[in-house]
Amino acid sequence: MRGKETPHIKCIIRNNEVQLKPEELIRQLYATRLLNRYHYSPDRVRCEHPVNFGRERKRADIVILDKDRPDTPYIIIEVKKPKLQDGKEQLRSYCNATGAPIAVWTNGQQISHYHRRDPNYFEDITDIPDAEQTLADILKEHFTLKDLILKDKLTTEHKSLKEVILELEDEVLANAGVDVFEEVFKLIFTKLYDESLSYKDKGVIDYFVRQQQSGPPQQESGMTYDMDYEVIKLAAASISDDGFRAMEFRNTGQTDSELKTKIQRLFDEAKNQWKGVFPEYSTFELSDSHLSVCVSSLQDVKLFNSNLQVVDEAFEYLVSKSAKGEKGQYFTPRHVIDMCVKMLNPKRGEYMIDTAAGSCGFPVHTAFKLTGRTFTNAEIPPEDQEDVLKVFGIDFDEKTVRISRTLNLIAGDGETNVLHLNTLDYERWSDRAERDRIWIMTYGRGFDRLKALRTEPEENKLFTFDILMANPPFAGDIKENRILHQYKLGFKGNGKAQSKVGRDILFIERNLDFLKPGGRMAIVLPQGRFNNASDRYIRDFIAEQARVLAVVGLDTNTFKPHTGTNTSVLFVQKWNNDPSKGPLCPKVEDYSIFFAVSQKGGKDNSGDYVFLENDVGQYKLDKNGHLIVEHDLHNHNGELSDGIAEAFIEWAKSENLSFWCGE
């Protein structure tokens, strides 16, 4: 601009002054990386290298020339395109024009490395070769769980699993002629199994990291040795992995057909280990070449993490392609789940259920709370497994039940109580449980455990659960008289049957039926149920059945991009004056209620997560390598300020609520 100096920088490659635009800054940083980390000599690196397209000439941002053919591009780097897909298309054209086998895209925050197999496909690779390596060295390296921790693209490249899947759709899945949900689900299922096989190596890594943690509090680097993720990576990097198992879910340079044979074998083993998710005869429908691209894209994603938000976001996208959103049911963000779990404080020995389980966030995080363990590939002790088998989930959508069962089978080390049932139509449960042979084989053992909690031996209406947490569908009405007649809220105040009732309204009554006296519940509801004059009869029904503990208003963006419906979480405890039947919650007419409204919901207006940044504007990672969603619902184990959950806990103790007494 006139009157102002334009900043310049001396280019490390061209050795002249260049204007310091944002993309030039990224180029200079990456060029420095090429010289210092990968040890390329400056005479092999070119900036603004010309690429000919017939009569047209363009310029690639950075090119590394072939060692043996100094006029031929070997690696092409694109830094100007801010979006991956735009950068990838640019790289594809450059690679096809020059024959370069390797490509890199970065926007300064994210980075992707590719091997150009042929003009049609780019395959992800873990990294680019350094100056003394070949592409074959990268593909065939002995890759262990330690390497996966250090090179996990979700942390090193700041990508989400959803973004990886979207890239795969653009690359191969959209035109592969397959069910995208099924094929990606098979891949994730198989990848989880492969990671689980390295549980012994995970134990070794955890042990040595803990040992280093107990060492001197100050390292030579000046870094305080707390347990943030970068310190854990630093500790893990020093561990020898010579005896570690090589990860098998990888493209190691074999032919496409050989790779498919290996991945199918892993899938078959996973089906045998975690039964009831896929039929025994199921196989990958992807072609050999398409499967190769998919494996390459997913192989450097670490799925076993303590937080399942990574998997949730991907599955929610895939399920929405099957029109789950049309039923008004959306996966609950993990920070909302954690708030509810913290507030209701599940204890060992208690039984918990989610009656609209979705991806089973509430049950899985309840299991985390009960056992003190996270979503990991370590073996689960018998005493923990006993507590996990007291956690249940029910959902009527077959796809989400299979997702839920996968996560619960792993969290519960091979057993699960996730059931494919229509929660509201409980009169038909026995029909299926007695006549559907395949259903019985898959869900029979879990259903037997559920039946043991019935108050009446042959009735599926009333149960004795301690805790219920659910986010029921809140779109659409139930109009079937047979179902409506099973509920008090299916009738008007004058005793006449209603012609239709909102699905979420029936869930309120149904959920209360699952709880024993003194049992407690958290349920996500549309805000109108708390405000509308026409819904007063619902509020009166709840007040007659239970004490209203709390109402937490969620941010408008919480369930975006799927819906902008205003929602709140209702917390209640069923009245109980008899200590022999359950925790005491004496019925009174006048009592205090905890109210809160979230001011920072963790998502922007587009429904994208808002992540916490450090002092220099970079995303901050927690000790597990997760991006930290910025919200005010709870303190994320001290990473955030105390939030609504912590305020409720303080209030609950002052109120002497049964589930917080003595804490």
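**A guided tour of the model**

Start with the whole protein in cartoon view, where 23 helices and 18 strands can be picked out, helices being DSSP runs of H or I of at least four residues and strands runs of E of at least two, numbered from the N terminus. This is a predicted model, in which local features need pLDDT of at least 70 and side-chain atom pairs count only at pLDDT 80 or more, while totals for chains, interfaces and linings use all residues. Residues are numbered from 1 along each chain as its sequence is written, and side-chain values use heavy atoms, with hydrogens and water left out.

Keeping everything selected, note that the C-alpha atoms fill a box of roughly 85 × 65 × 55 Å along the principal axes. Buried residues, meaning those under 20% relative accessible area with a 1.4 Å probe and protein chains only, make up 57% of the 663 residues.

Next, colour by pLDDT, the predictor's confidence in each residue from 0 to 100; the mean for the protein is 85, and 91% of its residues reach 70 or more. Then select residues 215-227, over which pLDDT stays under 50, and for which the model has 19 contacts beyond four places in sequence, a contact meaning heavy atoms within 4.5 Å.

Now select Asp179, which lies in the loop between helix 6 (161-171) and helix 7 (180-196). Asp179 has 39% relative accessibility and therefore counts as partly exposed, the class between buried and exposed, the latter being over 50%.

Finally, add Asn577 to the selection: Asp179 and Asn577 are 398 residues apart in sequence and 54 Å apart in space, C-alpha to C-alpha.
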